[in-house]
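Grab a pencil and work through these short exercises with the structure open beside you. Each task comes with a worked solution.

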Amino acid sequence: MRSISPTLIRLLARLALLAPLLQLAGCSSGSTPRFDARFGEATRLAMAQQVLDPGAAGNTAPVNGLDGASARAAMERYRASFAEPNGQVAQPVSFMLGGGGGK
């Protein structure tokens, strides 16, 4: 019985690795100019539709809002709303999958 030489095995292994790359190379041609010209158009449109005032960047007038003391008090109340009463830590939520019989 004839054995296959190690050199032939290495060559076949390299060809097996190279075959998918050659197949992908055929897909990379720049034959989609119509799609390439519109690439990202939906994302740009969605972002533009979410802007309330497109000219806001040019407005240099001061913003009306809270003074520093009121803003600080509001933030302290907001942060305190997440604290647990009496320093207790919330129990983790656990889920049981499968029904629980175990049989």
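**Exercise 1.** Is F82 buried or exposed?

*Solution.* Keep in mind that this is a predicted model. Start with the relative accessible area of F82, which is 58%. The cut-off for exposed is over 50%. F82 is therefore exposed.

**Exercise 2.** How many aromatic pairs does a search of the whole structure find, and how would you classify what turns up?

*Solution.* The search comes back with 1 aromatic pair. Its members are Y78 and F82, with ring centres 5.1 Å apart. That fits the limit of within 6.5 Å for pairing. Next, look at the planes: they sit at 80 degrees, so the pair is edge-to-face, the label used for angles over 60. As for cover, Y78 is partly exposed at 48% relative accessibility.

**Exercise 3.** Which helix holds I9, and which nonpolar surface patch does I9 help to make?

*Solution.* First, place the residue: I9 belongs to helix α1, which spans residues 6–27. Then check its exposure: with a relative accessible area of 48%, I9 counts as partly exposed. Patch residues need over 30%. The patch covers about 980 Å², and its members include I4, L8, I9, L11 and L12.

**Exercise 4.** What pattern does the chain follow along the sequence, and what percentage of its residues count as buried?

*Solution.* Count the elements: 4 helices and 0 strands. In sequence order that reads α-α-α-α. Now the burial: of 103 residues, 0% count as buried. Finish with the surface: the chain exposes about 10500 Å², 62% of it supplied by carbon and sulfur atoms.

How values were computed:
Residues numbered from 1 in each chain as written. Predicted model: local features only at pLDDT ≥ 70, side-chain atom pairs only at ≥ 80, totals over all residues. Heavy atoms only, no water. Helix = DSSP H or I, 4+ residues; strand = E, 2+ residues; numbered from the N terminus. Buried < 20%, exposed > 50% of the residue type's maximum accessible area, 1.4 Å probe, protein only. Areas by Shrake-Rupley, 256 points an atom, 1.4 Å probe, with all protein chains shown as cover. Patch = residues over 30% accessible without salt bridge, like charges linked within 9 Å, V, L, I, M, F, W, Y side chains within 5 Å. Salt bridge = Lys/Arg side-chain N within 4 Å of Asp/Glu carboxyl O. Phe/Tyr/Trp six-rings, centres within 6.5 Å; stacked < 30°, edge-to-face > 60°.
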